[in-house]
Amino acid sequence: MTSLFILSALYACLAPPAGPDPNSVYIEKITTGGDGCPSPAAVATTISEDRTIFVLSYIKMQLEHPPGPAVAKVHCKAGVHLHVPKGWQVALTHVTTRGYAYLEHDMVAHQTASYRLAGVPIGAEYSHALMGPHDDFYQFTDDPAATVWSKCGGPGLFAFTTTLTLDTSANPEGQAIFNTTSSDGELAARVHLDWRPC
């Protein structure tokens, strides 16, 4: 009896962990692309154990002046691939972007985030501005769940694009650094209560 118990316990330790619940909403994977994340090595992707929270850590998402044009842009597009079981809708909520900006006088930096869901015509866009002089870290939080929800059931793809714009045209001799270091978001889910089948 003791040997059987030990073997059972050993098997439990060696058994592979169970996968995500197919009846729940979860992140399947995240893909990225753009001049701010041109390769997988340019952005680190972390997904929580329950697969409902993600963090993207950017390595090359930065603008500097000099050199470069008076108005410069860089962007990274992330595709959040979702598992959405029948009878559920899902949205991204509380997407927080963090970074640092050093801007001398008369310089302007914009961080813009747009959120789209495949198959849903309505999207959301948020824009945040920083004015020089500025020398500090920043944190902006958006809530795309206010407007962008998936269709009922089936796989979903949320695409969100983070764009940095640096305008030094009013002070071309000055210096500036503007970057994004990370974005993190969380899934919100709600039951679709319509009486009609999805």
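User: What makes strand 1 and strand 5 count as paired, and which residue stands opposite T31 in strand 5?

Analyst: In this predicted model, T31 stands opposite G79 in strand 5. Two strands are said to pair if at least two bridges are found between them, and seven bridges join strand 1 to strand 5, which run antiparallel, so the pair meets that condition.

User: How do you know which strands belong to the open sheet, and what makes strand 1 an edge strand?

Analyst: The sheet is made of five strands in the order 1-5-10-7-8, with antiparallel pairing. Strand 1 (26-33) and strand 8 (120-131) are its edge strands, since each of them pairs on one side only. From one strand to the next, the twist averages 15°. As a general point, strands of a sheet pair through backbone hydrogen bonds, either parallel or antiparallel.

User: How do you know that strand 10 pairs with strand 5 and with strand 7?

Analyst: Again the condition is at least two bridges. Strand 5 (residues 71-83) and strand 10 pair in the antiparallel sense over twelve bridges, and A72 stands opposite L166 in strand 10. Strand 7 (residues 108-117) is joined to strand 10 by ten bridges, and these two strands also run antiparallel; here R116 has A159 in strand 10 as its bridge partner. Both pairings therefore satisfy the condition of at least two bridges.

User: Why is strand 10 called mostly covered?

Analyst: A residue is buried when its relative accessible area is under 20%, and ten of the twelve residues in strand 10 (residues 156-167) are buried. For the chain as a whole, 42% of the 198 residues count as buried.

User: What makes up the largest nonpolar core, and which residues have the most contacts inside it?

Analyst: The largest nonpolar core has 43 residues, and F158 and F160 are those with the most contacts inside it. Leaving aside neighbours within four places in sequence, F158 is in contact with ten residues that can be listed: A78, G79, V80, L82, V90, A91, L92, R116, L117 and V148. Each of these counts as a contact because heavy atoms lie within 4.5 Å.

User: Why is the pair of Y138 and F140 called stacked?

Analyst: A search of the whole structure finds six aromatic pairs. The rings of Y138 and F140 have their centres 4.9 Å apart and their planes at 25°; centres must lie within 6.5 Å for a pair, and planes under 30 degrees apart count as stacked, so the pair is stacked. Y138 and F140 are both buried.

User: Why is the pair of Y138 and F178 called tilted, and which parts of the chain does it tie together?

Analyst: The ring centres of Y138 and F178 are 5.8 Å apart, with the planes at 50°, and that angle is neither under 30 degrees nor over 60, so the pair is tilted. Because Y138 lies in strand 9 (residues 134-142) and F178 in strand 11 (residues 176-191), the pair ties together parts that are 40 residues apart in sequence. Y138 and F178 are both buried.

User: Which residues do ring pairs link into a cluster?

Analyst: Ring pairs link F54, Y115, Y126 and F160 into a cluster.

User: What is the order of elements along the chain, and how many helices and strands are there?

Analyst: The chain has one helix and eleven strands, and from the N terminus on the elements run α-β-β-β-β-β-β-β-β-β-β-β.

Definitions and conventions. Residues numbered from 1 in each chain as written. Predicted model: local features only at pLDDT ≥ 70, side-chain atom pairs only at ≥ 80, totals over all residues. Heavy atoms only, no water. Core = buried A, V, L, I, M, F, W, Y, C linked by side-chain atoms within 4.5 Å. Buried < 20%, exposed > 50% of the residue type's maximum accessible area, 1.4 Å probe, protein only. Helix = DSSP H or I, 4+ residues; strand = E, 2+ residues; numbered from the N terminus. Axes fitted to C-alpha atoms, helices over the stretch in contact; angles between N-to-C directions.
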